[in-house]
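Please read the following account alongside the sequence and the coordinates, following each named residue in the viewer as it comes up. The account begins with a pair of helices and then moves outward to the chain and to single positions.

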Amino acid sequence: LIYTYKQWEYIGQDLERWQRFNLIPNADRWNDKWEFVKYQKMWERKHKQQSVYIPESYMLTESEEDTKAFQERLDRGGSTTAWLLKAGNVNQGRGITVLAPNSEELLEVPEKALAN
């Protein structure tokens with residue numbers, strides 16, 4: 001089974017009869033983590049259930065609703081665990097910050113996000 005986001009007809013030419021070629025619409029969005037999370041969040045809202053493909057995530061720069069939800073999560077005990085903060089505009093492991101449990105940096109994240 002071959003999955004691709006490119007419409008390369010020649011890929012399917014060498015397949016056996018029992019093999020299948022699939023084109024997944026918008027699969028090119030999966031290459032960018034920010035876009036992947038964005039589309040997973042859209043799916044979660046549409047289907048009213050948590051995605052099994054991503055951990056608990058909040059897009060703080062994208063919506064005030066997510067920022068407030070993250071603040072509520074921190075208030076309900078979420079501040080006692082470590083969190084990863086990922087900048088959405090960089091790739092290849094850059095822009096990732098580990099926020100320690102109950103750290104000042106962690107507790108300031110929602111306020112800073114709302115200020116921007």
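In this predicted model, helix α2, which covers residues 64-75, and helix α3, which covers residues 104-115, have axes that come within 10 Å and cross at roughly 160°. Because an angle over 145 degrees counts as roughly antiparallel, α2 is described as roughly antiparallel to α3. The crossing in which α2 passes α3 is left-handed. On the α2 side the contact is made by E64, T67, F70, Q71 and L74, while α3 contributes L106, V109, P110, A113 and L114. Sorted by residue class, the residues of this contact divide into 7 nonpolar, 2 polar and 1 charged. As for the choice of quantities, two packed helices are described by the angle between their axes and the distance between the axes.

Two residues of α2 that take part in this contact can be examined individually. T67, which lies in helix α2, has a relative accessible area of 2%, and T67 is therefore classed as buried, since that class takes in values under 20%. When residues up to four places away in sequence are not counted, T67 touches L60, P110, A113 and L114; of these, P110, A113 and L114 belong to the α3 side of the helix contact. Q71 is likewise found in helix α2, but with a relative accessible area of 28% Q71 is partly exposed. Measured in sequence terms, Q71 and Y58 are 13 residues apart, and their C-alpha atoms are 10.0 Å apart in space.

Leading into α2 is a loop that can be followed from S63, a residue that lies between α1 and α2. S63 counts as partly exposed, at 25% relative accessibility. The C-alpha atoms of S63 and A113 are separated by 9.4 Å, although their positions lie 50 residues apart along the chain in the sense of sequence separation, and A113 is one of the α3 residues that make the contact with α2.

The wider arrangement of the chain gives these elements their setting. The secondary structure comes to 3 helices and 4 strands, and read along the sequence these follow the pattern β-β-α-α-β-β-α. Of the 116 residues of the protein chain, 22% count as buried. The accessible surface comes to about 9100 Å², and 50% of that surface belongs to carbon and sulfur atoms. Among contacts in the chain with a separation of 6 or more, residues 24 or more positions apart account for 24%.

Where does K86 sit, and which residues is K86 in contact with? The place of K86 is in strand β3, which consists of residues 83-86, and K86 is partly exposed, with a relative accessible area of 32%. Leaving aside neighbours within four places in sequence, K86 is in contact with K33, N91, R94, G95 and I96. K86 and W34 are 52 residues apart in sequence, and the distance between their C-alpha atoms is 8.9 Å.

Two loop residues deserve a separate look for their backbone torsions. K48 has a positive phi of about 55° although K48 is not a glycine, and K48 is found in the loop between α1, residues 33-47, and α2. With a relative accessible area of 73%, K48 is exposed. N102 is also a residue other than glycine with a positive phi, in this case near 55°, and N102 lies in the loop between β4, residues 96-99, and α3. N102 is partly exposed, with a relative accessible area of 48%.

Methods
Residues are numbered from 1 along each chain as its sequence is written. This is a predicted model: local features need pLDDT of at least 70, side-chain atom pairs count only at pLDDT 80 or more; totals for chains, interfaces and linings use all residues. Side-chain values use heavy atoms; hydrogens and water are left out. Axes are lines fitted to C-alpha atoms, for helices over the stretch in contact, and angles run from 0 to 180 degrees between N-to-C directions. Angles under 35 degrees count as roughly parallel, over 145 as roughly antiparallel, 65 to 115 as roughly perpendicular and the rest as oblique. A crossing is left-handed if the near helix is turned anticlockwise from the far one by less than a right angle, and right-handed if clockwise. Contact means heavy atoms within 4.5 Å. Ala, Val, Leu, Ile, Met, Phe, Trp, Tyr, Cys and Pro count as nonpolar, Asp, Glu, Lys and Arg as charged, and the others, Gly among them, as polar. Buried means under 20% relative accessible area, exposed over 50%, partly exposed in between (1.4 Å probe, protein chains only). Accessible areas come from the Shrake-Rupley method with a 1.4 Å probe; for residues, only the protein chains shown count as cover.
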